[in-house]
Each structure stands twice: as C-alpha cells, then as structure tokens.
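Biologist: Could you walk me through this protein chain slowly, since I am still new to reading structures?

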Amino acid sequence: MYRTHDCGALRAEHIREHVKVAGWVRFSRDHGGVLFFDLADSYGSTQLVFDPDAMTDGADVQTLARTLNSLGRESVIAVSGIVRERVPGTADSRNPTGQVEVLIESAVLLNTSKPMPFEVADQKNSLLPGEDLRLRYRYLDLRRVQMMQNLKFRHKLISSARRFFDSEGFIEVETPMLTRSTPEGARDFIVPSRTIPGRFYALPQSPQLYKQMLMVGGMDKYYQIARCFRDEDSRADRQPEFTQIDLEMSFVNEKEVQTTVERLLAQVWRTIYGTELQIPFARVPFKDAISRYGTDAPDIRFDLEIVDVTSAVAPASYEVFKKIIGKGGIVLCINLKSPLLSSSPSESSSLGRKEVDRLIEWAKGEGMSGLTWMRLSQEGLSSNIVKYFPLEVRDTLVELMGAELGDLLLFIGGPRAQATKAAGALRVKLAKDLGLVNGKDHRFVWVVDCPLFTKDAVSGRLEPFHHPFVMPSNGRLDGGEEPATIGGLSYDLVLDGCEIGSGSIRIHDPELQREVFRRLGMTDGEIERKFGFFLEALGYGAPPHGGIALGVDRLASILLGCDSIRDVIAFPKNKRFQSLLDDSPAEVEESKLSELQLLSLAEGEDETRARKTRR
Ligand code: ASP
C-alpha cells in the first residue's frame, strides 16, 4: 500500500497515528540537518520532517538521510511516519493540513523528475510562466492547484448535470464523430476515408442532425456531453474542439425546454455553490436586447440601458447629429445616474470631466465617430453643446432619459448597426470602469424570438441566424415576406454578457424544411445530396421536438472567472489551433497519404486545373 492518507487529509485528530503518504516533493528546506518537505498531490499538501535526532533506535538514519538529501523537485516518494503537531508558531492556517506534520520514519523514492521547465508551486498569476510554455508541458501545468481546481469544478458541473438528466428521465446517447457535415456556420474538419477513396467524413460541428433523428427514433429525451468540432478562423478565445451539454426533447414547446435548462442550472448551482439559483431567468426578445443593450448577448447585471433619442434630437441644430440623422443614422443615449457617479467604489472610477474626456478618446479609438455628453445641473442640461439644443428638446431628453439632478447623459451617433454596437460596448465599458459588476454576481437571461435568417454583411446572402433547422415562429413560411422579418422559435441563453447556449424548436415537417433550404439559396439537387437522408427521416412521422446546447467550456470559465476557456480544458490548443504538447497538427508520411489516395486525388485536381488553363 502506497498510502493510508492523501496529502490533503491529515488534521489534528490524526496526531500520534502512524500513516503512509505519497506524492510529489514540491518544496524542500534544510534547517541544519533537519529536513522539511512539502509533499503534494491532487488533494493538498502535507509537511514532512526528517529529524535525525528524533529517529527511533536501530533505524537506518544514514540511508534515509541519503535518500532524502538526494530528492529533487517533483520527485515522487512514499513516506511512512508519525503525525505530530507542528512546533508552536509554525502552524499554517491557510493550509487545511497546516496544524500537523509527518515525522518521517522511512521513505521510498518511486520516481525522479527531470529539472522542471517552470515552478509548479502555487504562485500569483503575474509570476506564471508564459502560456506557451505551460501548454507545451501541460501535464506539469495541471499539477498547479489552480488548474486542478478548475478541472475539478468542471467535473462537478458535468457530473451534477448528468445526475439531473438521469433524475428527469433523459437518456445519454453517443452520436458519431465520423459523420456527414452538420452545418453550424463554421468550416468542417474533414477526415478522408481509406476504404472508399475519394470520400470524406466530417467531424460533427454539433450532434444536431443526429439528435433530431433520435427524436424521430422515439428517444423522447436525449442528452449528451458532446464534443463538437468547428474549423473557425481563430477568433478570440475559441477552440477547434469544445464540449456542449446537448439535449433534445420531443413534444415540447420553447418554454418547456427553457424551464428544463433552468432546473438543470439550479441543480448545478446547488451542487457547486450550495445556494438556490434564482429561476425563472429573465426573458428579453432579441429586438429589445439589441435596442436596450446594443447586443444580442446582454449583460443584465447592471442597467445603463440604451435609449434611441434620434427623433428627440432631430430638431436640434447640432451639426454632428444633424449629419448623422440626415444620412439615416441614429443617436443613442445612456443615462449614468448620479448615485453611480458619486458612490462608485474608488475615487478614480467616478466620472468627472477628465474621465469623460478619456471616454471620448476611448470611443474614438474604438472607431466611433465620437461621444458627447450633457449633465443635468440645477440650471438644467449643461455641456458645451447644449446651446444647439432648443429648450423643448432638452426637456424631451430629460423626460425620455428619466434624468435627475447630477445625472450624466452620454450620446453616441452613427449608422444604425455601428452606433448600436458602439453603445453596447460603451455600456459594458462604463460598468467595468465604475465597478458595477463583481465576479461573484452572475445573471442568466434568455434572449428569445430571434430572427430565422440574417443577411451576410459582405455577400448579402441569406443565412440561417442559428442553423437551418429552426421552426419559423408561425410554423410556416408564407412566401413573399421580407426574410429579415421572419422570426424563429429560437432562444439563446446568455450569462453575464456571453452567449453560453443556443436552442430552438425544430422543423419536423420535411416540406417546410425543404422550403427553408430553398430560401437559403440551395437548389433541389443540392438539398437532396446534402440533406436527402435527413428529409427522408423527417418524413417518417417526426414528432414535434426542440432542444438546446450549452457550452461547457464557456460556462465553466465564466463561473470560475478565468481569462480564457483554455484554463478549463485539460489539453487545449493555442490560438492557432495547435497543440504545443504533441505538436499537432503534424505532417503525415507520404505512404499514409497514398494509402488514403489523397496524393492521387490532388494530382487529379492539378491535372483538371491544368487542363482548364490550357483551354
Ligand atoms: N446545435 C446547436 C448548436 O450547436 C444547438 C441546438 O440548436 O440545440 O449551437
């Protein structure tokens, strides 16, 4: 037996017991022949002492001393000894085992460690080595207490979700990794087939089609802790593979899916925090989210709502606004209530004249054409531009914004989409600068009634807002309606301003599904080729169904306050989607490529291209 206790277990009640502990030597110090070690494992760290004078007669002190003196950092040892109270004044109250230590009687060296590329011992973030180095030696990084805690937290989240689903009668089903493409708006990772040369699987962007076909299969309530693969341009904090809590249910409406997720998260809350999560969550229609918060992923932990004041300021002679409105743009306003300004936690975060100037600079840096302000004083609205605003306009503004004495009104104008986005960003910046959010306060909100389609800004092509399987809000497409006005029975779950889940009621009528594909510009041939199997499945009595998927990595990283989702993934890729640990993606021997006939395919391709250019 290597150990009787783990390194986090020993307490005062164990004093005088003979124990065995095993772990990694994290620290060692020599106090004039008396050696101290911090022995660590996944559960904690325990102080070991070798005191030659305290050894019992007949013990081989010399050999033991030699073994212990040779121990390098992160050596793996097993030790037998007796638990004793630490010398008065040396107890460590921050460590649960800090009252006791193990007096070493014998020790076995189980393995040695090469010199460490970086320090594993607990340290401040600022002292952490660069992330590249930590990713290269991720197994060592995982020994850090913080990483260990992150992965344990993630485990708790997933295991409590599993318990919840089990208690509600959901069936966990694994869906294939080698699939036909499932469109979620990203590129597929492609896997060549050896047995059928020239053919390829796609790694699933999500189990969307399979979970829907499980409903056709009568599965009723499905869930999976599902791995998804999306080859996206490496945007900030994305991973090419990530994990979703994926679920699908038959014979449900949107509300029923949403309340299921609320109960799920309430259970997770109870398990992790031991507190009751407030449910139901607030619900905001997509349109309102955009107009009130400037984003479809609003952070509702603070107010600072955006108000469209375009028509109120239209009569003003202020040139900047006039120009914007003349070109069809809008003017938006945020009211910074005076208590926020005066009672902000630190002096430096209150908004005086200097800070407003700094905000204006920031706005310019963010590509906003500018930011203007007015303050409500005893004399009414005041600022360097109020003279351009007739009294009635000022009165309307005060009323529209619910302004009270001392409030600061901030204005942003521009083309609709740009101004909206800018006002959303301003809102978040203000909340951050004024310390309006604290890391422990979390707020979920449902964004509901999202549109069915959006137009790609560059190509102008119609694209699904979520994916092409969302049921139109009135259960059909009438034809002739402006695509942008068609709603979908979809809902996003947003946590603290981050989208962490997205779901919908699905189309279960194959003809309607075919029509949606057509609206997306697909030819009947293309539809048949890509989705024929799925439309066929819907044709065999698909039940009404709906579901959702929650991003585990994002959820865990927000709850833990991590800077990146990489901190909650055991072996993540870096920003270029490379694994620094095993150096993947890696080259493949030519023999393997030719076995897959990829080379001849590429040659064939070259020839076709050459033929085309010759023509
Ligand atoms: N498959 C969707 C996604 O990955 C989620 C869903 O609609 O259930 O975003």
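Modeller: We will go from the whole chain to its cores, then to some helix pairs and two single residues, and please keep in mind that this is a predicted model.

Biologist: Fine, so how many helices and strands does the protein chain have?

Modeller: The protein chain has 18 helices and 22 strands, and along its principal axes the C-alpha trace spans about 95 × 75 × 55 Å.

Biologist: And what share of the residues is buried?

Modeller: Of the 615 residues in the protein chain, 46% are buried. If you take the contacts with a separation of 6 or more, 67% of them are between residues 24 or more positions apart.

Biologist: Which residues have the most contacts inside the largest nonpolar core?

Modeller: Those are Phe-165, Ile-245, Phe-444 and Leu-493, in a core that has 54 residues. Helix α6, which covers residues 254-273, gives the most to this core, with eight residues. There is also a second, separate core of 26 residues, which includes Leu-371, Trp-373, Ile-412 and Leu-430.

Biologist: Back to Leu-493, what does it touch?

Modeller: Not counting residues up to four places away in sequence, Leu-493 touches a list of residues that includes Val-261, Leu-265, Phe-281, Phe-444, Trp-446, Ile-500 and Leu-550.

Biologist: New topic, helices: at what angle do α5 and α15 pack?

Modeller: Helix α5 (residues 208-216) and helix α15 (residues 524-538) pack at an angle of about 25 degrees, and their axes are 10 Å apart. Angles under 35 degrees count as roughly parallel, and α5 and α15 are therefore roughly parallel to each other. The crossing in which α5 passes α15 is left-handed.

Biologist: Which residues meet there?

Modeller: From α5 come Leu-209, Gln-212, Met-213 and Val-216, and they meet Phe-531, Phe-533, Phe-534, Ala-537 and Leu-538 in α15. Sorted by class, this contact of α5 with α15 has eight nonpolar residues, one polar residue and no charged residues.

Biologist: What about α14, are α14 and α15 roughly parallel or roughly antiparallel?

Modeller: The axes of α14 (residues 510-519) and α15 come within 10 Å and cross at roughly 155 degrees, and α14 and α15 are therefore roughly antiparallel to each other. Here α14 passes α15 in a right-handed crossing. On the α14 side the residues are Pro-510, Gln-513, Arg-514, Phe-517 and Arg-518, and they meet residues of α15 that include Asp-524, Ile-527, Glu-528 and Phe-531. The residues of this contact of α14 with α15 divide into seven nonpolar, one polar and four charged.

Biologist: Now a single residue: is Leu-376 buried or exposed?

Modeller: Leu-376, which is found in strand β14 (residues 371-377), is buried, with a relative accessible area of 12%. Leu-376 and Leu-408 are 32 residues apart along the chain, and their C-alpha atoms are separated by 6.5 Å. Leaving aside neighbours within four places in sequence, Leu-376 is in contact with several residues, among them Leu-381, Val-398, Ala-403 and Leu-405.

Biologist: And where is Glu-463?

Modeller: Glu-463 has its place in strand β19, residues 462-464, and Glu-463 is partly exposed, with a relative accessible area of 30%.

Biologist: Which residues is Glu-463 in contact with?

Modeller: With neighbours within four places in sequence left aside, Glu-463 is in contact with Leu-452, Phe-453, Thr-454, Asp-456 and Leu-520. Taking one of these, Phe-453 is 10 residues from Glu-463 in sequence, and the pair is 5.5 Å apart in space, C-alpha to C-alpha.

How values were computed
Residues are numbered from 1 along each chain as its sequence is written. This is a predicted model: local features need pLDDT of at least 70, side-chain atom pairs count only at pLDDT 80 or more; totals for chains, interfaces and linings use all residues. Side-chain values use heavy atoms; hydrogens and water are left out. Axes are lines fitted to C-alpha atoms, for helices over the stretch in contact, and angles run from 0 to 180 degrees between N-to-C directions. Helices (H or I, at least four residues) and strands (E, at least two) are DSSP runs, numbered from the N terminus. Angles under 35 degrees count as roughly parallel, over 145 as roughly antiparallel, 65 to 115 as roughly perpendicular and the rest as oblique. A crossing is left-handed if the near helix is turned anticlockwise from the far one by less than a right angle, and right-handed if clockwise. Contact means heavy atoms within 4.5 Å. Ala, Val, Leu, Ile, Met, Phe, Trp, Tyr, Cys and Pro count as nonpolar, Asp, Glu, Lys and Arg as charged, and the others, Gly among them, as polar. A nonpolar core is a set of buried Ala, Val, Leu, Ile, Met, Phe, Trp, Tyr and Cys residues joined through side-chain atoms within 4.5 Å. Buried means under 20% relative accessible area, exposed over 50%, partly exposed in between (1.4 Å probe, protein chains only).
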